[in-house]
Amino acid sequence: MDKLLNDMQQVAVRHTEGPLLILAGAGSGKTRVLTYRVAYLIKEKNIEPYNIMAITFTNKAADEMRNRVDSLVGHGADQVWVSTFHSACVRILRRYSDRIGYANDFAIYDTDDQKKIMKKVIKHLNLNPKIFKEKGMIAKVSDFKNKLMTVSDVRDMASTDFKMKDIARVYEEYQETLMRNNAMDFDDLIMNTVKLFKNNEDVLANYQNRLQYIHVDEYQDTNAAQFEFVRLLAEKHKNICVVGDDDQSIYKFRGADIQNILQFEKYFPGAKVVKLEQNYRSTKKILEAANSVIHNNVGRKDKTLWSDNADGAKIDLYQAEDGYAEAQMVADTIQEEVDFGRASYEDFAILYRTNAQSRALEEKLLMKNIPYKIIGGTNFYQRREIKDVLAYLRLLINPSDDLAVERIINVPRRGIGNTTVENAVNYARVRGMNLYDALLEADQINELKPAAVKKIKGFTEMIERLKNDMKIMSLEDLYKQVLDETGYIADLEAEETDEAEGRIENVDELLSKLVEYEGEAEDPTLGEFLEDVALIADIDNLEEDNDYVVLMTVHSAKGLEFPRVFLCGMEDGLFPGYMSIMSDDKEELEEERRLAYVAITRAQNELTISYAKRRMLRGETQYNIVSRFVEEIPPSIVNSKNVTDTVAAGYKRNIVRDTFAKAHAKMEKKPAVVKPKKDIAFGKEFTITKADIDYKVGDRVEHIKFGEGTVKAIEDGTKDYQVTVDFDEVGQKMMMASFAKLKKL
DNA sequence: TGGTAAGTAACCAAG
DNA sequence: TTACTTACCA
């Protein structure tokens with residue numbers, strides 16, 4: 001194995017005892033090091049595979065690592081516990097959840113379920129939904145859990161802050177509701193496991209004794225709860241090896257604490273630190289671009305990636321008129337390269353900052369018949385019909401799952417309306433029972449009319465029948481039986497719309513996934529299937545051996561590599577996002593820059609960066625300038641194609657950029673938005689005659705929306721003038737002359 | 001009670 | 001743009 005590893009990699013592999021921090025730059029072969037290290041422990045150090053653990057963030061990464069260890073070690077490798085944080089915790093909790101007051105068949109609630117619960121909580125507590133928005137509250141609660149803060153911690157912290165006190169009430173009620181439903185959300189999985197460990201020495205000791213060598217991948221993205229989970233497990237043997245790159249920390253918004261990696265040596269005294277700085281992935285030019293961007297960040301461990309790879313081509317920079325033209329360019333380029341035999345579809349990845357950008361790209365790829373796959377966005381498992389069917393299955397194994405009951409009690413329509421359900425919910429609540437049990441004794445509920453009771457009986461009897469079926473049937477048959485008994489498919493078929501047809505296809509697709517699971521699993525159970533489904537990540541659906549272009553957000557692309565990468569929408573306001581530009585917290589912009597770094601370092605051979613002058617967002621046209629991150633790349637390694645703004649002339653844009661940003665900030669909390677004028681909205685090309693403007697710097701002008709102001713600057717673009725005006729009312733703004741329709745006074 | 005029309009908030013990223 | 005909520009009618 002020695003020849004396959006460089007010196008530093010070997011050091012990392014061979015340092016098996018005690019804490020080890022591997023600072024692994026992008027493309028420096030960290031997965032290789034991790035897998036070789038596990039193999040080394042087994043083969044050279046004679047450690048039982050059973051005593052080794054490796055934790056990743058996604059199932060995909062876990063599978064990959066498992067396969068690679070398998071091929072290195074062969075026998076016994078399947079005994080290594082390779083898993084994601086979430087599945088590891090679920091596995092532990094399934095065994096011991098009774099110790100923290102949960103039944104072992106607890107459900108796992110996703111974002112959608114969380115929303116529903118939160119909505120009820122806010123309503124039930126009579127809080128003003130204008131102030132206590134469910135999304136915001138979910139984020140808060142998630143934040144608390146990631147920091148391992150309990151309800152009483154939050155309450156203590158609130159002291160006299162009455163809003164925080166209300167938030168504590170929300171948190172409390174939310175938790176109680178989950179508990180009543182015998183359900184946990186994603187964050188609970190980690191927090192509850194930590195809680196379990198802390199309150200049950202025997203349980204912790206059990207795992208500590210077993211897991212003598214622990215590895216954590218993507219360590220820079222761990223949050224406080226995950227840190228504590230790992231720390232507890234490693235406390236006894238202290239053989240903890242973490243791999244991460246502070247420059248690739250991009251999940252602060254979901255609680256990742258970069259200090260976990262920056263302070264590793266403090267938390268684990270005597271830790272050995274190994275830096276992997278040789279990049280095996282990208283060309284020198286791509287690496288130089290990445291390095292020159294990330295060097296603008298202040299809070300980072302200093303390191304510089306280098307490479308022995310070829311110089312490679314310059315980075316292409318392309319300016320498009322709008323998002324569609326950008327997508328067209330991408331599609332054309334891909335098709336051309338494939339037609340010329342210079343690449344195949346699978347070589348390409350199209351990356352973007354936000355999922356919304358995928359639509360235009362998808363449209364153009366579709367038009368050219370280019371095979372593609374979009375990762376993320378609306379996930380298969382979030383589709384209504386899938387959630388409906390899953391809710392039936394969930395109810396069969398967990399009668400406490402009120403949310404599931406409410407979801408499907410009237411789907412398909414059984415004439416059980418809101419009022420009926422509400423009466424039953426109240427009945428259940430008063431008696432402290434779950435909704436399904438209340439339905440079972442519907443005839444006891446005084447508020448219900450006999451007709452309603454009868455309909456409910458029909459529903460519960462059906463569920464009971466299905467429960468019996470569950471005992472005797474295979475999963476496949478049970479699934480079919482559910483569709484049949486409930487009339488779910490029949491109902492969709494009756495619709496006779498394309499949409500309904502699509503839904504039926506999806507339901508069938510879920511069936512084939514179930515069949516696949518049943519065929520593969522050792523001891524298939526409905527519960528385990530539901531669990532797998534709940535913990536699936538978008539990226540897990542990416543299959544490497546298919547010839548298609550992949551589209552995904554930069555976040556999803558972390559950890560992946562592609563021969564050729566398109567990085568789209570590199571515009572200020574989009575990437576970096578508007579919020580991070582306006583934020584007082586400099587760290588936010590640094591996180592965006594790390595994200596840009598991640599994006600650039602995904603590319604192996606060729607990188608094309610593109611941006612658009614205007615972009616449709618929420619039905620409005622927005623005007624942006626090229627991303628500041630693009631300007632951080634040395635012009636000498638950039639090949640500007642079709643670039644008409646000043647960026648082409650060596651990036652002298654920073655002053656304007658500042659004016660631009662400040663003008664927006666003053667104006668409103670939104671970027672400059674110009675409603676498309678009717679006469680130009682349809683035409684793809686509208687040439688702007690430059691002679692149109694009759695004002696000059698210093699003149700007083702009037703704008704239809706912003707009122708009167710003084711012209712501060714006029715910048716000459718190829719197709720249009722960019723005019724900066726200091727308006728009396730709203731401050732300085734920069735705009736395209738043709739759209740501004742400024743009138744000289 | 002359920003369906004449709006009008007109205008409105010949202011997109012920043014994910015397990 | 002779209003998904004989702006509220007209002008209103010059959």
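Is Arg594 counted as buried or exposed, and at what relative accessibility? Select Arg594 to begin. Arg594 counts as buried because its relative accessibility is 2%. Buried means under 20% relative accessible area, exposed over 50%, and partly exposed in between, with a 1.4 Å probe and protein chains only.

Some ground rules come next. This is a predicted model, in which local features need pLDDT of at least 70, side-chain atom pairs count only at pLDDT 80 or more, and totals for chains, interfaces and linings use all residues. Residues are numbered from 1 along each chain as its sequence is written, chains are lettered from A and ligands numbered from 1 in the order in which they are written, and side-chain values use heavy atoms, with hydrogens and water left out.

**Stop 1: around Arg594**

Arg594 sits in helix H28, residues 586-600. Helices (H or I, at least four residues) and strands (E, at least two) are DSSP runs, numbered from the N terminus. Now show Ser249. Its backbone oxygen is 2.7 Å from the side chain of Arg594. That is a polar contact: a pair of N or O atoms within 3.5 Å; within protein, one must be able to donate a hydrogen and the other to accept it, and residues adjacent in sequence count only if both atoms are side-chain atoms. Beyond four places in sequence, Arg594 has contacts that include Asp246, Asp247, Ile294 and Glu587. Contact means heavy atoms within 4.5 Å.

**Stop 2: Val330**

Select helix H15, residues 323-339, and find Val330. Val330 is buried, at a relative accessible area of 1%. Leaving out residues up to four places away in sequence, Val330 touches Ile350, Leu361, Phe566 and Cys568.

**Stop 3: H10, H11 and a core**

Move to helix H10, residues 201-210, where Val203, Leu204, Tyr207, Gln208 and Arg210 are buried. Those buried residues pack against strand S3 (81-84) and helices H4 (85-96), H9 (186-199) and H11 (224-234).

Select H11 next. It is largely enclosed by the rest of the structure, because 9 of its 11 residues are buried. Among them are Phe227, Phe229, Leu232 and Leu233. At the N-terminal end, Asn223 caps H11, with a side-chain oxygen 3.0 Å from the backbone nitrogen of Ala225.

Now colour the largest nonpolar core, which has 71 residues. Such a core is a set of buried Ala, Val, Leu, Ile, Met, Phe, Trp, Tyr and Cys residues joined through side-chain atoms within 4.5 Å. Met118, Leu189, Phe197, Tyr207 and Phe229 have the most contacts inside it. Apart from this core lies another, of 53 residues, including Val421 and Leu510.

**Stop 4: DNA strand B**

Show DNA strand B. Which residues are closest to it? They are Lys135, Asp187, Arg353, Arg413 and Thr419, out of 27 that surround the strand. A residue is near a strand if one of its heavy atoms lies within 4 Å of it. H9, helix H19 (418-431) and helix H26 (554-557) each supply at least two residues of this surface.

Zoom in on three side chains. A polar atom of Arg353 is 2.5 Å from a base oxygen of DNA strand B. An N or O atom of Arg254 lies 3.0 Å from a sugar or linking oxygen of the strand. For Thr553, the partner is a phosphate oxygen, at 3.2 Å.

**Stop 5: DNA strand C**

Finish at DNA strand C, surrounded by Lys119, Arg359 and Arg618. Pick Lys119: a polar atom of its side chain lies 3.3 Å from a phosphate oxygen of DNA strand C.
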